[in-house]
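Hi,

Here is the structure I promised to pass on. Have a look at it first, then read my notes below.

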Amino acid sequence: MTGTTENTENTATTGTTASTRTPELVIVPHTHWDREWYLPFQRFRLRLVTVLDRLLTQLADDPRARFTLDGQTAAVDDYLAIRPEQDGLVRELVGQGQLAVGPWRVLADSFLCSGENLLRNLELGLRRADDLGGAMRVGYLPDQFGHCAQLPQILRIAGIHAACVWRGVPEAVDGTWFRWVAPDGTAVRTRYLPEGGYGGAAGVFAEADPAVVRRRAAEHARALRRWQPEGRLLGMYGTDHSAPVDDLADLVEAASRLAAWDETVHPHTGPDGETRMRLDTLAGFFAGIAAEERNSAQPSESSTNTDTAGAPEIHGELRSHARANILPGVLSSRVGLKQALSRAERLVERYAEPLVALYGHPFASQPFLTLAWQRLVDSACHDSVTGCGVDATAEQVAARIAEADDLGRGVVDLVLSPIAATVPDGGHLLFNPSPRRRTEVVTVEIPDGRTLVAASGEAVPCQVLETEETVYADEMVPSDELDRYLRKVHGRELYGLQITGWEVDADTRVIAFDLAAASDLVFDVADVRAAAEATNVELWQVKVRTQARHTVAAQVEVDALALAAVTAAPTVGTGAEEAAFGPVPPGIAAGRGSLSDLDNGLIHVALRSDGLLDVLGADGTHVSGLGAIVDGGDLGDEYNYAPPAHDRPAAEPDEVWNRVRWSGPLTGALESVRWYRWPERGVPEAGGRSEETVTTEVVTRVEVRQGEPFVRLTVSFDNRCEDHRVRLHLPLPRRADRSHAEGQFAVVDRGRDAEGGFGERPVPTFPAYGWVAAGGLAVLLDHVSEYELVDDGRTLALTLLRSVGFLSRNENAWRAEPAGPQLPTPGAQCRGVRTVELALFLYAGEWHESELLDAAERYRHPLIAVPGYGRDPDGVPVIPAGGIEVGGRGVVLSSCRDVGRDGPELRLVALTPEPTTATVRSAHGHGDIAMRPWQIMSIAARGASAGGG
């Protein structure tokens, strides 16, 4: 095999290099490989193996052949898992520049995963591609449904300076090149793929006739010249799940030799017979342009037109409908997948990894974290978490996310369990995932007759929420069958708990066992048997119960990224209520005085008789009528919302019932139950919804906690309807023409309209990952959600659920052409219980002038409490020292992970439009680090030195 070797910095161009004055169409053979979509993963892998078997043979047989494997290394791993014997050939082809792999592991939807997920995606992809012989250093983004604002900075952090995109490009881009600028000012040279996107040149080789190929190549070149008058052209030859035709290199050369290109293609044709088309990888195309510019003392025709200095400058996210469909309905299709992925990401990013880095055993934990990240990254693929596949695909994505979640929880247990073993039963081990000291209300269980005590010896303020005594058994057992019953006892264990006490009472004919999570009782079941046999009782009543336990709200304090413990001490009082209360915080009246009011001194909430909320913030910001549930029809599909022509929205409940859920000094909660009649299904043939209705009960819980400046909401209902969309309407304190949404290391400023121009309705529905703010109201989110400013900017509508029955409809009123095959997806109707958790935060002025970021950190990253199970009730918890504190206006923590000898690495983000300074303090020292607005920066915690970003 021959050819120029690719390296990890930039892939050298391969094949014949034409004169810089010669027009040239560079053909890049490739495939776009959806790992899972209208077929589940394994069925698509069967096709992948067939395609790559053929492709590798083509490449091995012809050193002129080139192929770009879709920018994602997962396809290589999926193939080699079935064909491990091909590993050597793959490495040889990559090393010789014939096969381009990477830089991603998968092609992710950059709006539906965390920014950390995108960076880990690149880490995994680049590491694997370099291992195979050299990664393609091009940010290839061929089919994702738009692109998040910080991708240029993310690419540059990974050492990538160029990108290639199709969807989401705005109308302002009128050529093939533009300069894509992230919010922090970082830019990448970006190639736009006009005239068919990643499949623009697929039709050129539909027939293996050199004359036909020459004619079609000329036609494609003419079309591309409308976008790029001079310079070498890029022809993307490939489509979904395909391989090139056999003998492609011969066909290209034969077609090029037939005649010089038509003068209408380019006025400067070379000698007849000169090759005007050639094959290359995408990496080779970019490297060739870069090499040409480096070697040219004067700008050439091609370099003049590819230099981004003269190209449009596009700032931020690419979400325009002007040049291609961005299929915005994927933001709300199968919302359960979005919810699960967001929660699993937070669990791994902000709990499992920091615990391992600061308190754990990296050698034992790292393999599980690596596997968790692989599952998270794979689930973020643009046909996976998007929920735009068949039901089998969605089920497998959900299972993969669940694996990541289980791995995260397992790592947390691995680190915390040995420490929790030093905390006596009834106490709790606490972890603060935030890089700032926090005082919060947590929910824990304590045994009856105990109260919580902090390490300082002070009582912990508590409030009883529930009291439970579990009876495991209460049955009549004949004496001759008692031995059979006692076989359930194993040592001191019964029903998975420990026996703390027992009694045989002949007078009452009762044998009683008391159970708890831990016990130091010296116990032998033979003693029970002997005591029973010493009586004349013929029929025993066997009672097995646990000690009464109280679920309490407890106000605790934990240092930044630190562990702490509270222990259970005997109470001095006599009543359960008295036993559970420590000192009552001053000035708290959460839910005490009225059925309809909650007030913690920072925020006041009134629950109205119609089930809506009026909220007043401490700064005087006020809003009325929050929380309307609006149901409307949706005759669209997984890709695009499409309301019926004759819709019947349902916004008014038939009945409302309000009640107090709990009340006390630390937390108060109210519930509003509203009953609606929603149309049962859509009627596409009539362009409307059915006359038959389903009564739906919507339960909204409203909670205010001590010290929190926001209102917690939980909305739950059992969806038994089809073909509809359910939204939560939140009126704003003041009218807003713009919204600000957090996501992927940025806060994106958006207007109330979306740019259109292609074949779908440009709906102004947008994604928010962590929170969305407009007009003085911020919604703190549990998971990535779809929102829209409606009612002329007076209301923020948050999508709770979208139910549809098809992957794609051939006829969608809001999209001109199908987005995929018309396959039924009954699972996408999302029947069953839907629960959404969020919080409301009011602010005056601009969002970045408020305490919104701190509120979001507190809401989205709660303290965790792990029950202690130490057997010594007088034992002293052994809490390892640690913790890292991070300060700075607008500075937020993305990750804290172990990176080996240098200790923990922090990834910080400046979520602020103003320059700021990050302060990092730990046991190893402290440092102040200047950050530009929106900068992503990696910090070595030891010495607080900056890197990356």
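**A sheet and a cavity**

One open sheet has five strands in the order β15-β19-β18-β17-β16, with mixed pairing (strands are DSSP runs of E, at least two residues, and helices runs of H or I, at least four, numbered from the N terminus; two strands pair if DSSP finds at least two bridges between them). β15 (471–478) and β16 (493–494) are the edge strands with a single partner each, so one side of each has no neighbour in the sheet. β16 runs antiparallel to β17 (residues 497–505), joined to that strand by two bridges. There, E493 sits opposite Q498 in β17. Helix α14 (residues 525–533) packs on the sheet and touches β17, β18 (510–516) and β19 (539–546), where contact means heavy atoms within 4.5 Å. The direction of α14 makes about 15° with that of β17 (axes are lines fitted to C-alpha atoms, for helices over the stretch in contact, with angles from 0 to 180 degrees between N-to-C directions).

Before the cavity, a word on the source: this is a predicted model, where local features need pLDDT of at least 70 and side-chain atom pairs pLDDT 80 or more, while totals for chains, interfaces and linings use all residues. Residues are numbered from 1 along each chain as its sequence is written, and side-chain values use heavy atoms, without hydrogens and water.

The largest cavity is lined by 22 residues, with E742, R860, H861, V892 and L893 nearest its centre (on a 1 Å grid over the protein atoms alone, a cavity is a set of points where a 1.4 Å probe fits but cannot get out, and lining residues have an atom within 4 Å of a point). α16 gives the largest share of that lining, four residues.

Notes: On a 1 Å grid over the protein atoms alone, a cavity is a set of points where a 1.4 Å probe fits but cannot get out, and a pocket is an open set with protein on both sides within 12 Å along at least five of seven lines; lining residues have an atom within 4 Å of a point.
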